[in-house]
Amino acid sequence: SSQLQHITSQLQKLGLPDLPSHPDVLLYPQNNPVDVYRAHIIQQVQEITGAEPKAIDGALAWTLDLKHGDLVLPVPALRLKGKKPDETAKEIAEKFSSPLLAKPTADKTFVRFFFEPGSLAGFTLPTILSKKDGYGFNSLLGRKDPKDSSSPQKLVIVEYSSPNIAKEFHTGHLRSTIIGGFLVKLYERAGWKALSMNYLGDWGKQYGVLSQGFDKYGNEESLKTDAVKHLNEVYVKINQDNYAEQKPVVELKAKIDELKKLKTPPKPKKPAKGEQPKPVPEHVWTDEQETELEDTVKQLQAKLKELEALPSIDEKARQFFRRMVDGEPEAIANWQRFRDYSIERYKDMYARLNIFFDDYSGESTVKEADMEAAAKVMESKGLSEESEGAIVVDFAKHGKPKLGKTLVKKRDGTSLYLTRDIAANKERDDKYHFDKMIYVIASQQDTHVAQFFEILRLMSPPYSDIVAKCQHLSFGLVKDPKGQTMSTRKGTVISLADSLDDVHNYMHEVMKKNADKYAQIEDPEATADLLGISAIMVQDFSGKMVNGYNFDMERMTSFEGDTGPYLQYAHARLCSMKRRSEIPDSELPSADLSLIMGAKEGVELIRTLAQWPDVVLNTLKTHEPVTVLTYLFKMSKALSSCYDAKDTANKNAKTMSVVYAESREKKVALMALYESARLVLSNGMKLLGLTPVERM
Ligand code: ARG
């Protein structure tokens, strides 16, 4: 490629032969400037120590802080026999020699490598400027053979979001949505085919409840405009009815018990002849009174019987769901409409987040036949057993006591959440033949996932082979700003639509404060939406996924600190600089980079930009959005300290500011640097699912 030619000619200028190649190490110098240095380091360290190229490549690590080197080699990781690691480190540092690098330093058992800035700029900036939005991404990684771009792509299914129809789309679902969206982008950019799957909670007795609710409270108009909101309202109301319906029954039972407890005190003895009858004490009941009491109890009991004989919402729901399972068209019709309209509405919300699903599956799509087949395997392998009319799996009997005991079939023969997950796993492989599947599910369901994964493992091939390709990506709880758990019952759940609207309005107000800038924004509403969503996403991605966080509108929308608006501002500022510089993109690749090597801040920024492809590689290993985010903040900070940095290279030079550049050549070189930074920032933001704005 032309990028490889560029590298070769750069090397020639330095008097170096073409890049050394190492057949069993995958290096991509045309995408990754650091790989130019890796190739050289591997070659020399092999010559000095005799270690295998693969072992050296595996050991060479990037550093979090550039003062520790651009690359570091922990010698013990080479597992060399004989010599002490600190001696080997010294030997490497002494014998190593290349015009591409400064003299390495031996630091105990580590060798620290520092790239020579001039050559690094020459490899890095032109690579970024030519790769543009492809910089950092290596699409060979997703090939079955990562050396051959014509070999087939691997397929990853990411199952995420998966809300429950008629129930709240809460921040837990939002978290799954944006993490899943990120994983899809990460894999796509690494050349995989990534399939977005939404596994809706759309099956179970609750749809029997909902159906009755809709008959009573539903209306077509609201269903069509906002099914998600409307069905949730209907569901809440019918559940209140259900509760209200149960109330008189409960109260009646209590009353009867109370009356029965009223013991009749002993009647006074008949008075002897001639004696005056004793006055009847007030608490002694007369025969009439006693009969009256008995009658009351009888009446109440009759009433209770009557009430209990009435078909309850709950019982009707059970029967209705049974009919749905049997596929009765009339029972299915309403449910199908609820599902279709809800999906339509979800799609609108997902589009705001820049997320699109390829497959709307759901619990309802799992076939009874597949659940039957799985049940047979579980039975024949001695995994499941009968218990009080139901079927259970007791994990203690299979070496996993911590997983407890779980129901796999109810007494009435209907399936469960768990059973559906077991069957769905194989159905997806039958349909897509995936290479990998990632379930993005909240940590509250860790046990559920561990249970169905373990059952699949115990079921032997093909089930166990399929689950071996699967991974659960768990994430922590989102809490309210005070750190309290949000609950529907307490009314503290923040729904997706509401939080998107709130944060949109908030950012819109902030934008309006700068009237001049505001006037230049083409579509302020759309910009406010993008800024708001960035705020939510960056907050979500700010820690490791296992950790929960507090949903704090105030903090996430701030322009100070590591927030979404901060990143957006950094990007918009670069865009504005680019517009004002009036240097065409086409001039940037041939910029004279020697003009901008005079400020240590500029060098630091170039070194940081060179790390981006390695950051992406590392993210593929960690699956953590915070790996990308931490890097982007580090890069943005290196960038902002560059703007006003002193250029100490020559007397005429002043700063690294484009506006005050002393010559047009210098301006072009600075723009090559800043445009490279903008591309990396934009690539990173897009990878996270943010849409970088040009003005704000
Ligand atoms: N619908 C479920 C819920 O909201 C999440 C589904 C997760 N995926 C799965 N395969 N079980 O709790």
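The following dialogue goes through a predicted model and asks what stands behind some of the words used for it.

Student: How do you know which residues belong to domain 2 and which to domain 3?

Tutor: The bounds come from an automatic or database domain assignment, and in it domain 2 takes 155-203 + 327-475, while domain 3 takes 204-268 + 280-326.

Student: What makes the two domains count as being in contact, when the C-alpha centres of domain 2 and domain 3 lie 36 Å apart?

Tutor: Contact is judged residue by residue, with C-beta atoms that must lie within 7 Å, and by that test 19 residues of domain 2 are in contact with 19 residues of domain 3. The side of domain 2 that touches domain 3 holds 10 nonpolar, four polar and five charged residues.

Student: Why are strand 2 and strand 4 called paired?

Tutor: A pair needs at least two bridges found by DSSP, and strand 2 with strand 4 (residues 110-113) has four, in the antiparallel sense, so the two strands pair. One of the links joins Pro74 to its bridge partner Phe110 in strand 4.

Student: Which strand pairs with strand 2 over two bridges?

Tutor: That is strand 1 (residues 61-62), again in the antiparallel sense; since the requirement is at least two bridges, the pair qualifies, and Trp62 has Leu71 of strand 2 as its bridge partner. Strand 2 (residues 71-74) also has a covered face, with Leu71 and Leu73, and an uncovered one, with Val72 and Pro74.

Student: What makes strand 7 and strand 12 the edges of the sheet with the order 7-6-5-11-12?

Tutor: In this open sheet of five strands, with parallel pairing, strand 7 (359-362) and strand 12 (470-475) each have a single partner strand, so one side of each is left without a neighbour in the sheet. Neighbouring strands are turned by 25° against each other on average, direction ignored.

Student: How do you know that strand 5 and strand 6 pair within it?

Tutor: Strand 5 (residues 155-159) and strand 6 (residues 193-200) share five bridges in the parallel sense, where at least two are required, and Glu159 has Met197 in strand 6 as its bridge partner.

Student: What makes Glu159 one of the residues around the ligand?

Tutor: The test is a C-beta atom within 6 Å of the molecule, and Glu159 is listed around the ligand, as are Asp421 and Tyr439, among others. The shell divides into four nonpolar, three polar and two charged residues.

Definitions and conventions. Residues are numbered from 1 along each chain as its sequence is written. This is a predicted model: local features need pLDDT of at least 70, side-chain atom pairs count only at pLDDT 80 or more; totals for chains, interfaces and linings use all residues. Two residues are in contact if their C-beta atoms, placed from the backbone, lie within 7 Å. Ala, Val, Leu, Ile, Met, Phe, Trp, Tyr, Cys and Pro count as nonpolar, Asp, Glu, Lys and Arg as charged, and the others, Gly among them, as polar. A residue is buried if 20 or more other C-beta atoms lie within 10 Å of its own, exposed if 12 or fewer, and partly exposed in between; C-beta atoms are placed from the backbone. Axes are lines fitted to C-alpha atoms, for helices over the stretch in contact, and angles run from 0 to 180 degrees between N-to-C directions.
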